[in-house]
Amino acid sequence: MNAREVFVAHQDFIERALKVVCARQRLSAPDAEDFCSAFRVRLMEDDCAVFRKFQGRSSVQTYLVSVVMHFFQDWRNARWGKWRPSAEARRLGPIAVELETLCVRDEVGFENACEMLCARHQGHLSRADLEAIAARLPPRQKRAFVSEGEIVNLPSALTSPDAQFIAQEAGAEARRATVAMCAALGELAVQDRLIVRMLVEDGLSVATISRTLKLRQKPLYRRIHQVLALLRAQLERQGFSAQHVADLLRHGGFEASGDSGEGKIPDPVRLFSCNPGTQDVQDVQNVQNTQTTPEAENARNTKRLVR
């Protein structure tokens, strides 16, 4: 008989073997149907090549049972991934590997696993030992499968074309806002620019800025308010209102890294550099070295008179 005739002659036995394997592995009705359908397709592939590989070393029934079992292992590994015990279970020894296999892979539950292992290792293992081992095993989760109806209702992980276009537009506007802000900062006095950087970038309090720059704290509040109002007015003249900037932040414009026009991906756009350059450090040193207030001058004159 050729391979196809052998398949037809043993078709009833194949169906019984499939039912036995599904029952032993406790497959659900949908999983059992998928497995049986996949196995039937496998048998028909390449003009029943499975039967042509039979060499007569055993009966056809024994050979078919072996084929069904090996195919089931491949089918389950493809769906769940090949089972491997955790590193912690291997360190704890064979008992921990058996316990993890029963609880995680076979899903028999901890109570049933305890009964099975205690019966298998009579007199050498207690429930307390298994509880101590289970407490040290890492939590593991198996793959979850859902129906197609549930998948249809899940939101897509990909960004929609409209959202990509909005993000690109927001990135371009954010770069324009950055240029406008840099120009507005460049028009400030050195000390005012330094105060803004310390306040916004470094997140320093007004009291800390006052002590660092040796400025009176109370007038410093009014000065900061005036500087920020000046920056806001200059940005509004460039078309950047508070609502406009809020929209750019909401659409991720200042974190966007779209095409800069030259085919290159620029760095994320920020209104203020998080890493002040050499010029900023030099400005700090110049201000601290040249800062002279009337209060400081009066204090030095008082010290001279006392001496």
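A crossing of two helices is called right-handed if the near helix is turned clockwise from the far one by less than a right angle. That term is needed at two stops of this tour, which runs through a predicted model.

**The whole chain**

Start with the full protein chain in cartoon view. The chain has 17 helices and zero strands. Of its 307 residues, 28% are buried. Take the contacts between residues at least 6 apart in sequence: 62% of them join residues at least 24 apart.

**Helix 8 and helix 9**

Select residues 110-120, which are helix 8, and residues 127-136, which are helix 9. Two packed helices are described by the angle between their axes and the distance between the axes. For this pair the angle is about 130° and the axes lie 10 Å apart. Angles over 145 degrees would count as roughly antiparallel and those from 65 to 115 as roughly perpendicular, so helix 8 and helix 9 are oblique to each other. Turn the view until one helix lies in front of the other: helix 8 passes helix 9 in a right-handed crossing.

Now show side chains at the contact. From helix 8, pick Phe110, Glu111, Cys114, Leu117 and Cys118; from helix 9, pick Arg127, Leu130, Glu131 and Ala134. Sorted by class, this contact of helix 8 with helix 9 has six nonpolar, no polar and three charged residues.

**Helix 2 and helix 3**

Move towards the start of the chain and select residues 11-24 for helix 2 and 29-44 for helix 3. Here the packing angle is about 140° and the axes are 11 Å apart. That angle makes helix 2 oblique to helix 3. The crossing of helix 2 and helix 3 is right-handed.

On the helix 2 side, show Ile14, Glu15, Leu18, Val21 and Cys22; they meet Ala32, Phe35, Cys36, Phe39, Arg40 and Leu43 in helix 3. The contact of helix 2 with helix 3 has nine nonpolar, no polar and two charged residues.

**Salt bridges**

The whole structure holds 10 salt bridges. Three of them follow.

Select Glu88 and Arg136 first. Their side chains form a salt bridge with an N to O distance of 3.4 Å. Glu88 sits in helix 6 (residues 87-92) and Arg136 in helix 9, so the pair links distant parts of the chain, 48 residues apart. Which of the two is buried and which is exposed? Glu88 has 17% relative accessibility and counts as buried, whereas Arg136, at 53%, is exposed.

Next, select Glu100 and Arg140. The closest N and O atoms of this salt bridge are 3.5 Å apart. Glu100 belongs to helix 7 (residues 94-105), while Arg140 lies in the loop between helix 9 and helix 10 (148-152); the two are 40 residues apart. Glu100 counts as buried because its relative accessibility is 2%. Arg140, at 33%, counts as partly exposed.

Then select Arg223 and Asp192, whose side chains meet in a salt bridge at 2.7 Å, N to O. This pair joins helix 14 (residues 217-237), which holds Arg223, to helix 12 (residues 190-200), which holds Asp192, across 31 residues. Arg223 is partly exposed, with a relative accessible area of 25%, and Asp192 is buried at 15%. Before leaving the salt bridges, add Arg91 to the display: shared partners join Glu88, Arg91 and Arg136 into one network.

**Helix 12 and Val227**

Stay with helix 12. How many of its residues are buried? Eight of the 11 are, so helix 12 is largely enclosed by the rest of the structure. The residues to colour are Gln191, Asp192, Arg193, Leu194, Ile195, Val196, Arg197 and Met198.

End with Val227, which is in helix 14. Val227 has a relative accessible area of 10% and is buried. What does Val227 touch, not counting residues up to four places away in sequence? Its contacts are Leu188, Asp192 and Val196. To check one of these, draw a C-alpha to C-alpha distance from Val227 to Val196: they are 8.1 Å apart in space and 31 residues apart in sequence. Asp192 appears here as a contact of Val227 and also as the salt-bridge partner of Arg223.

How values were computed: Residues are numbered from 1 along each chain as its sequence is written. This is a predicted model: local features need pLDDT of at least 70, side-chain atom pairs count only at pLDDT 80 or more; totals for chains, interfaces and linings use all residues. Side-chain values use heavy atoms; hydrogens and water are left out. Axes are lines fitted to C-alpha atoms, for helices over the stretch in contact, and angles run from 0 to 180 degrees between N-to-C directions. Helices (H or I, at least four residues) and strands (E, at least two) are DSSP runs, numbered from the N terminus. Angles under 35 degrees count as roughly parallel, over 145 as roughly antiparallel, 65 to 115 as roughly perpendicular and the rest as oblique. Contact means heavy atoms within 4.5 Å. Ala, Val, Leu, Ile, Met, Phe, Trp, Tyr, Cys and Pro count as nonpolar, Asp, Glu, Lys and Arg as charged, and the others, Gly among them, as polar. A salt bridge is a side-chain nitrogen of Lys or Arg within 4 Å of a carboxyl oxygen of Asp or Glu. Buried means under 20% relative accessible area, exposed over 50%, partly exposed in between (1.4 Å probe, protein chains only).
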